[in-house]
Amino acid sequence: MRWLTVVGMEPGVRERALQVLQDALLWDLTVTQWTEVGYGLRRLRRACDAGDDRRQRDAVADLEVAGPHRVSGLEDAGRLPAPREVRERINELIHTLGPPVPSAQRAAGQSRETGRSAERDSDAGT
(Lines give C-alpha, C1' and ligand atoms only; values in the text may rest on other atoms or scores of the structure.)
Protein backbone atom coordinates (compact mmCIF):
# COMPACT_ATOMS: atom_id res chain seq x y z
CA MET A 1 0.00 0.00 0.00
CA ARG A 2 1.25 3.49 -0.81
CA TRP A 3 1.24 5.86 2.18
CA LEU A 4 0.80 9.57 1.77
CA THR A 5 2.96 11.78 3.93
CA VAL A 6 1.53 14.91 5.45
CA VAL A 7 3.86 17.69 4.40
CA GLY A 8 5.27 19.61 7.32
CA MET A 9 4.01 17.34 10.10
CA GLU A 10 6.60 16.94 12.83
CA PRO A 11 7.61 13.26 13.24
CA GLY A 12 6.71 13.20 16.95
CA VAL A 13 3.29 14.69 16.27
CA ARG A 14 2.72 12.20 13.45
CA GLU A 15 3.61 9.28 15.74
CA ARG A 16 1.31 10.56 18.50
CA ALA A 17 -1.50 11.09 15.97
CA LEU A 18 -1.13 7.57 14.61
CA GLN A 19 -1.10 6.07 18.11
CA VAL A 20 -4.22 7.92 19.19
CA LEU A 21 -6.03 7.09 15.92
CA GLN A 22 -5.15 3.39 16.22
CA ASP A 23 -6.30 3.40 19.84
CA ALA A 24 -9.53 5.20 18.94
CA LEU A 25 -10.57 2.25 16.78
CA LEU A 26 -10.74 0.22 20.02
CA TRP A 27 -12.49 2.78 22.22
CA ASP A 28 -15.99 2.37 23.62
CA LEU A 29 -17.45 5.83 24.27
CA THR A 30 -20.77 7.54 24.77
CA VAL A 31 -22.55 9.08 21.80
CA THR A 32 -21.57 12.53 23.05
CA GLN A 33 -17.91 11.53 23.28
CA TRP A 34 -17.98 10.07 19.74
CA THR A 35 -19.36 13.40 18.56
CA GLU A 36 -16.35 15.12 20.17
CA VAL A 37 -14.02 12.60 18.52
CA GLY A 38 -15.67 13.40 15.17
CA TYR A 39 -14.99 17.11 15.69
CA GLY A 40 -11.38 16.31 16.60
CA LEU A 41 -10.96 14.21 13.44
CA ARG A 42 -12.21 17.10 11.31
CA ARG A 43 -9.82 19.50 13.05
CA LEU A 44 -6.92 17.11 12.48
CA ARG A 45 -7.81 16.66 8.79
CA ARG A 46 -8.00 20.45 8.29
CA ALA A 47 -4.72 21.01 10.15
CA CYS A 48 -3.00 18.34 8.03
CA ASP A 49 -4.37 19.83 4.82
CA ALA A 50 -3.16 23.28 5.89
CA GLY A 51 0.26 22.01 7.05
CA ASP A 52 -0.22 23.95 10.31
CA ASP A 53 2.03 22.44 13.04
CA ARG A 54 0.30 24.14 15.95
CA ARG A 55 -3.18 23.13 14.80
CA GLN A 56 -1.96 19.56 14.21
CA ARG A 57 -0.62 19.34 17.78
CA ASP A 58 -3.81 20.88 19.18
CA ALA A 59 -6.04 18.50 17.20
CA VAL A 60 -4.09 15.44 18.40
CA ALA A 61 -4.36 16.68 21.99
CA ASP A 62 -8.12 17.18 21.53
CA LEU A 63 -8.47 13.58 20.35
CA GLU A 64 -6.45 12.30 23.32
CA VAL A 65 -8.68 14.22 25.73
CA ALA A 66 -11.83 12.84 24.06
CA GLY A 67 -10.66 9.28 24.77
CA PRO A 68 -11.95 6.89 27.44
CA HIS A 69 -9.69 8.10 30.25
CA ARG A 70 -12.29 10.86 30.84
CA VAL A 71 -15.09 8.36 31.41
CA SER A 72 -16.22 7.66 34.95
CA GLY A 73 -17.50 4.22 35.95
CA LEU A 74 -21.06 5.55 36.11
CA GLU A 75 -21.18 6.09 32.34
CA ASP A 76 -20.02 2.60 31.31
CA ALA A 77 -23.53 1.40 30.40
CA GLY A 78 -23.90 3.96 27.59
CA ARG A 79 -20.57 3.25 25.90
CA LEU A 80 -20.47 2.06 22.29
CA PRO A 81 -17.78 1.24 19.73
CA ALA A 82 -16.99 3.84 17.08
CA PRO A 83 -19.81 4.55 14.63
CA ARG A 84 -19.09 3.50 11.03
CA GLU A 85 -18.57 7.09 9.81
CA VAL A 86 -16.05 7.80 12.59
CA ARG A 87 -14.19 4.53 11.89
CA GLU A 88 -13.96 5.49 8.21
CA ARG A 89 -12.55 8.93 9.05
CA ILE A 90 -10.06 7.41 11.49
CA ASN A 91 -8.87 4.88 8.90
CA GLU A 92 -8.60 7.60 6.25
CA LEU A 93 -6.39 9.70 8.54
CA ILE A 94 -4.24 6.68 9.46
CA HIS A 95 -3.64 6.03 5.76
CA THR A 96 -2.94 9.71 5.12
CA LEU A 97 -0.41 9.97 7.95
CA GLY A 98 1.59 6.94 6.92
CA PRO A 99 2.31 3.41 8.04
CA PRO A 100 0.86 2.50 11.43
CA VAL A 101 3.08 2.56 14.49
CA PRO A 102 4.37 -1.03 14.94
CA SER A 103 2.61 -2.86 17.75
CA ALA A 104 5.97 -3.75 19.33
CA GLN A 105 6.64 -0.04 19.93
CA ARG A 106 3.18 0.43 21.41
CA ALA A 107 3.49 -2.67 23.61
CA ALA A 108 6.50 -1.15 25.38
CA GLY A 109 4.27 1.45 27.07
CA GLN A 110 0.79 1.64 28.45
CA SER A 111 -2.24 0.82 26.41
CA ARG A 112 -4.10 4.10 25.88
CA GLU A 113 -7.45 2.42 25.36
CA THR A 114 -7.43 0.50 28.67
CA GLY A 115 -4.88 2.33 30.78
CA ARG A 116 -3.21 -0.99 31.66
CA SER A 117 0.24 -2.07 30.69
CA ALA A 118 0.37 -4.16 27.53
CA GLU A 119 2.38 -6.83 29.34
CA ARG A 120 -0.27 -7.22 32.04
CA ASP A 121 -2.98 -7.44 29.35
CA SER A 122 -1.16 -10.29 27.60
CA ASP A 123 -0.65 -12.15 30.89
CA ALA A 124 -4.37 -11.94 31.65
CA GLY A 125 -5.20 -14.03 28.59
CA THR A 126 -2.93 -16.93 29.54
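Helix 2 buries Gln-33, Trp-34, Val-37, Gly-38, Gly-40, Leu-41, Leu-44, Arg-45, Ala-47 and Cys-48. The list mixes nonpolar residues with others, Gln-33 and Arg-45 among them. The model is predicted. Cover for the buried residues of helix 2 comes from elements that include helix 1, strand 1, helix 3, strand 2 and helix 4.

**Helix 2: geometry and end**
- Helix 2 spans residues 31-50, a run of 20 residues.
- From first C-alpha to last, helix 2 reaches 29 Å. The expected value, at 1.5 Å a residue, is 28 Å, and the two are close.
- Gly-51 follows helix 2. The phi of Gly-51 is positive, near 65 degrees.

**What covers helix 2**
- Two of the covering helices are helix 1 (11-24) and helix 3 (53-66).
- Helix 4 (84-97) also takes part in the cover.
- Strand 1 (28-29) and strand 2 (80-81) contribute as well.

**Nonpolar core**
- The largest nonpolar core holds 24 residues.
- Leu-21, Val-37, Leu-41 and Leu-44 touch the most other members of this core.
- Helix 1, helix 2, helix 3 and helix 4 each supply at least two of the core residues.
- Helix 1 gives the largest share, six residues.
- Val-37, Leu-41 and Leu-44 also appear among the buried residues of helix 2.

**Contacts of Val-37**
- Leaving aside residues up to four places away in sequence, Val-37 touches Trp-27, Leu-29, Leu-63, Ala-66 and Val-86.
- Leu-29 lies in strand 1 (28-29), while Leu-63 and Ala-66 fall in helix 3 (53-66).
- Val-86 belongs to helix 4 (84-97).

**Aromatic pair**
- The whole structure yields one aromatic pair. Its partners are Trp-27 and Trp-34.
- The ring centres of Trp-27 and Trp-34 are 6.5 Å apart, and the planes meet at 35 degrees.
- Why tilted? An angle under 30 degrees would count as stacked and one over 60 as edge-to-face, so the pair at 35 degrees is tilted.
- Both tryptophans, Trp-27 and Trp-34, are buried.
- Trp-34 sits in helix 2, and Trp-27 touches Val-37 of that helix.

**Whole protein**
- The protein has six helices and two strands. Along the sequence they run α-β-α-α-β-α-α-α.
- Of its 126 residues, 35% count as buried.
- Among contacts with a separation of 6 or more, 79% join residues 24 or more positions apart.
- The accessible surface comes to about 7500 Å². Carbon and sulfur atoms account for 51% of that surface.

Key
Residues numbered from 1 in each chain as written. Predicted model: local features only at pLDDT ≥ 70, side-chain atom pairs only at ≥ 80, totals over all residues. Heavy atoms only, no water. Phe/Tyr/Trp six-rings, centres within 6.5 Å; stacked < 30°, edge-to-face > 60°. Buried < 20%, exposed > 50% of the residue type's maximum accessible area, 1.4 Å probe, protein only. Helix = DSSP H or I, 4+ residues; strand = E, 2+ residues; numbered from the N terminus. Expected span 1.5 Å × (residues − 1). Contact = heavy atoms within 4.5 Å. Core = buried A, V, L, I, M, F, W, Y, C linked by side-chain atoms within 4.5 Å. Areas by Shrake-Rupley, 256 points an atom, 1.4 Å probe, with all protein chains shown as cover.
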